[in-house]
Amino acid sequence: MAALNNLTEHLEAFVDVTRSPTHHAESLKAIATSLEKSVLSINQLVVEMDMYLTTTDDVVRARGILLLAEMLDYLKSKPLDNAVVNSLVGFFTAKLAEWRSVRGALTGCLALIKRKGVAGLVTAVDAEAVAKSMAQSVQVQSLALYDRKLCFELLECLLEQYPEAMINLGDLMVYATCEAIDGEKDPPCLMVAFHVVELLARLFPSPSGPVASEASDLFEFISCYFPLHYTHTKGDEASIPREDLSRGLSLAISSTPFFEPYAIPLLLEKLSSSLPVAKVDSLICLKDCAVNYGVNRMKKHYKGIWSAIKDALYASTGTDLSFGLESLTSPGFEMNEIHIEAANLLQRLVKQDISFLGLVADDIRVKMIFDTISRYSRYEEMPDTSKLEVLVVSQILFVSARASVESCNTIFETFFVRLMNTLGIVEKTSSGDLVHNENSTGSTRLYHGGLHLCIELLTASKDLIPSSEENSSTPESAQQSWCSIVNRFSVSLIEAFTSAVQSSNDDCSADAYLGVKGLLAMGMFRGGFSPVSRSEFEKILTTLTSIITDNSAKTVKWELALKALVCMGSFIDQYHESEKAMSYMGIVVETLVSLVCSSPCGLPHPMILEATSEVCSTRPTYVEKMVQGFEEAFCSSFSDFCVNGNFKSIENCSQLLECVTNKLLPRLTEIDGLEKSLVHFAISMWNQIESSVVFSYDFNGREFVEAAMKTMRQIVGVASVESQNSIIQKAYNVISSSTLPAMESVPLTFAALEGLQRDLSTRNELMLSLFASVVIGASPMASIPDVKSLIKLFLVSFLKGYIPAAQALGSMVNKLGTGLEEACDTIFHESSVGNNTSSVDSSKTICGSETLLAKICLGFYGSLDLQTRAITGLAWIGKGLLMRGDKRVNEIALVLVECLKSTNSSGIALHPSAMKHAADAFLTLMSDSEACLNRKLHAVIRPLYKQRFFSITVPVLESLIVNSQTPLSRTMLHVALAHVISNVPVTVILDNTKKLLPIILEGSSVLSVESEHKETLFSLLLVLSGTLTDIKGQQSVSDNAHRIIECLVKLASYPHLMVVRETAIQCLATLLELPHRRIYPFRREVLQAVSKALDDPKRRVREEAIKCRQAWTSISSRSTPF
């Protein structure tokens, strides 16, 4: 009873038109939920609704019928009794005649017709009754948009779900569709209407059917929409894109061949329109018509269509043919949408009916192309009209040849031999016959237009060779004609293209481009039916490889040849051409790899490496060969330097390592077996260092050391744990056999550390740096031997001034598991003053101000150099602890904060350099590092670690700034705070805008005084700009508008960094979003500052100043009082 009471309330709410739409929706949902959960049955609902369905009140009755219809829409997947469905569909069919209830009736009929796959379906008889009632009773165009769409959807659903029943209605369905479409203007309705026409055409294909008899009228109703002049609103999800609507119209027009007498003339007429969109739509629709109308109906229009295609191609093609690197694998000229669709239409017609090719072959402009080509040897000498002829005819023949094997045979038989005659490859005898000139090298005429046309035809034909899977099912005669023609002239063509390359010079890239592109086309035929023999293919490879090896400078020809070789290598790998792969390996890969390993040659080493890495990256077996070659080259060059002091060799090593890092490592996941090769390469590096006991010549090889470190670090980073352990063990063995372990015995006392100098030999520094890189790249699961000794080694090393040691120590404390306590104990306890350990909490290592490392940082002991090194090292150790969420970083942070004060706890003044290093230590702690402690190098990263550090340090730094003793201390505290603020996630800043904004503004003012803080100032300014544009900080920005404007006006003339001035002016423009009363009083100061910026030496600043002045001037003019 309670359920029925609630039902009555919901029914009353829905039929009451004075209620809000939200209230209606809630009532509807409540009733639907009861039905879905079977709390209420459809029979009970109908009984309860009897009054609303039969009342004489038209409004209430319409609402009641709509409610019942909506319920059926909810229940379209729920089983219903057949008798219930039959009764309901009869009810809604009858109501289609009541115009006030038509929405509910349409919704109900549609919901019932859509039911499928569940118990309770509408019968064919009932569906026929629905269609008849709708056709006879509903005046579609008199209805509202939503109701009209329901009508079209109901027609669509009836045609799709009950085609046999609709056939019985015949003419009535066609008449109803014509009447419904007539005058329709709304895209959602038209989208469905076009599909209805398509369904009708599919339903009545007979020449004696209703669609055939009424084709003229039906086409008239849909053709008025062509071409569509409609632009949907961007961002409107309910709006239908013009492309979809246009596609629907095209499918409707091409849906039945009975439209042919009306459609083709209309489309040809629209092709002459000046609107590009009309041309594109016409070409697309013509292609659809060609497919659906059939050859017999289309044939009568061939001449008109061919003329239209030509006109479209000539009108849409430019005359600029690119001879650049990017055009080697593309047509070389821009093709707009009209050109593309015209080419698609041509290809479809030729593929569908080979007789269409007769129009192409007999066209006068196509025939005259050979005369045009022979008039000009160089493309740039041609007038624009001749260039256009060459490009368009080449495209026509390319598209026609590519359509099918049969069309390709026809094109080659008709035009290719004539083209060979034009190029001098065949000769005309006295009897007029064309014969192949076997010795055509001397008589070849390298006309650019002819070479371009030849390349287009070769490119079109290469995709027609079947793959190995298709070979068995493709008759041999299908390929014989064009393939045999190319085979007949292949040697001469290769010689012609080679001559073009060899005749080129730096002043003319066209010869090189056409020659290389021609060789590429000849080398890209696949499968066993290739017209190019293996020996000819190898000749192509030899020619291109010789261009690479014989040029001492990176010319256009060199770059073209390299790209062509890369394309051919990728082609071989893609199509699994095993024979060609062997040739490629022997001629290209081994030649280039041997150059890497050989003594100095004419080709600069960076060019050798670039060519080798690009070529070999096309196939895994080539990569393996390359890595082996690189390994051999590295060992040879490194040994040459160590023994002979050849500095060129060590430079080659640096370039080789950069190539490994930048070219190979990023492709690790793509190439099988690459990891194993690279790990072997890394171990070979250690073997080479181990065998080079001493360097005959010492050198300042920072570039080599950096390159070696980066390569070693990244190889270890991408290797598996097992491979990492192999590299670590090898590196440790080399380190153990050197003199480096002697540093482990240095006592961690002030007396022992005070005299430390940066005194490692070149070899020891290289070993230390490389070993540090191994540790930095290692995974937490990797095994590092003798941790305690290594920590002492790194500790002493960074105090000597070797930063990689500090980074390695930070990585160790970040990644160590159970050994972390021992590591911290070694770093802090054993280095504490007097070597005493606190007994208060022996389970937790103390790393605060009482340790020797901290006291060195605070200036109690040692030189300035030792102090700054200790600060830097402590920062990296702190970073490792911070990222893993270890609370010991708080003590380290306090030590660094103490270093920012002007004096330490004993009153000893701290050196400005030490304070600067301490401030920069906060950048080390908070910034993301590429060199170490990142995800790629397996760092342990606890979520929100930056946020936690921010919340701890910012209050401390704020209070110290307020109580700072000297201007220097205040500046350094602001630098440290700026590093923390600018490296924390932006959400943290936005959540604390009110508190941080005054600090940011004060920091910007302080840091703008000296040029050495310009980068820090810029990072702080970026934070400020972020607060200006976000809604969270709007109130705080508004409250501090005067201070912000004052700060930005000052920075608009900041002399030391252009981006600061540019960003400051951009921020001033952004402030215009603030309330008018907040910014208007400062317009004069802003305009003065921006006006000065108009004379800035940097254009970007001047451009921003112009925009900003215009914006602020407009607000000034709008605000002028009456």
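Trainee: Between which helices is the loop that holds Leu933?

Mentor: Happy to help, and keep in mind that this is a predicted model. Leu933 has a phi near 50 degrees, a positive value in a residue other than glycine. To place Leu933, look at the loop between helix H47 (912-926) and helix H48 (945-962).

Trainee: Is Leu933 buried or exposed?

Mentor: The cut-off to remember is that buried means under 20% relative accessible area. Leu933 has a relative accessibility of 3%, so Leu933 counts as buried.

Trainee: And Asp786, is that residue buried, exposed or partly exposed?

Mentor: Asp786 also has a positive phi, near 50 degrees, and is not a glycine. You will find Asp786 in the loop between helix H40 (762-777) and helix H41 (787-800). Buried is under 20% and exposed is over 50%, with partly exposed in between. The relative accessible area of Asp786 is 38%, so the answer is partly exposed.

Trainee: Which peptide bond is cis, with omega near -10 degrees?

Mentor: Go to the loop between helix H14 (215-223) and helix H15 (242-253), where Pro227 is found. The cis bond, with its omega near -10 degrees, leads into that proline, running from Phe226 to Pro227.

Trainee: At what angle do helix H54 and helix H55 pack?

Mentor: Find H54 at residues 1041-1051 and H55 at residues 1058-1070. Their crossing is left-handed. The two axes lie 8 Å apart, and the angle is about 145 degrees.

Trainee: How many of the residues in the contact of H54 with H55 are nonpolar?

Mentor: From H54 come Ile1045, Leu1048, Val1049 and Leu1051, and they meet Val1060, Arg1061, Ala1064, Cys1067 and Leu1068 of H55. One residue of this contact is charged and none is polar, while the nonpolar ones number eight.

Trainee: Now the whole chain: what is its radius of gyration?

Mentor: Start with the makeup of the protein chain, which has 58 helices and two strands. Its C-alpha atoms fill a box of roughly 110 × 105 × 70 Å along the principal axes. A compact globule of 1122 residues would come out near 32 Å, but the radius of gyration of this chain is 41 Å.

Trainee: What percentage of the residues of the protein chain count as buried?

Mentor: Let's look at the surface before the inside. The chain exposes about 47300 Å², with carbon and sulfur atoms supplying 51% of that area. Out of the 1122 residues, the share that counts as buried is 55%.

Notes. Residues are numbered from 1 along each chain as its sequence is written. This is a predicted model: local features need pLDDT of at least 70, side-chain atom pairs count only at pLDDT 80 or more; totals for chains, interfaces and linings use all residues. Side-chain values use heavy atoms; hydrogens and water are left out. Axes are lines fitted to C-alpha atoms, for helices over the stretch in contact, and angles run from 0 to 180 degrees between N-to-C directions. Helices (H or I, at least four residues) and strands (E, at least two) are DSSP runs, numbered from the N terminus. A crossing is left-handed if the near helix is turned anticlockwise from the far one by less than a right angle, and right-handed if clockwise. Contact means heavy atoms within 4.5 Å. Ala, Val, Leu, Ile, Met, Phe, Trp, Tyr, Cys and Pro count as nonpolar, Asp, Glu, Lys and Arg as charged, and the others, Gly among them, as polar. The radius of gyration is taken over C-alpha atoms; the globule rule is 2.2 Å times the number of residues to the power 0.38. Buried means under 20% relative accessible area, exposed over 50%, partly exposed in between (1.4 Å probe, protein chains only). Accessible areas come from the Shrake-Rupley method with a 1.4 Å probe; for residues, only the protein chains shown count as cover.
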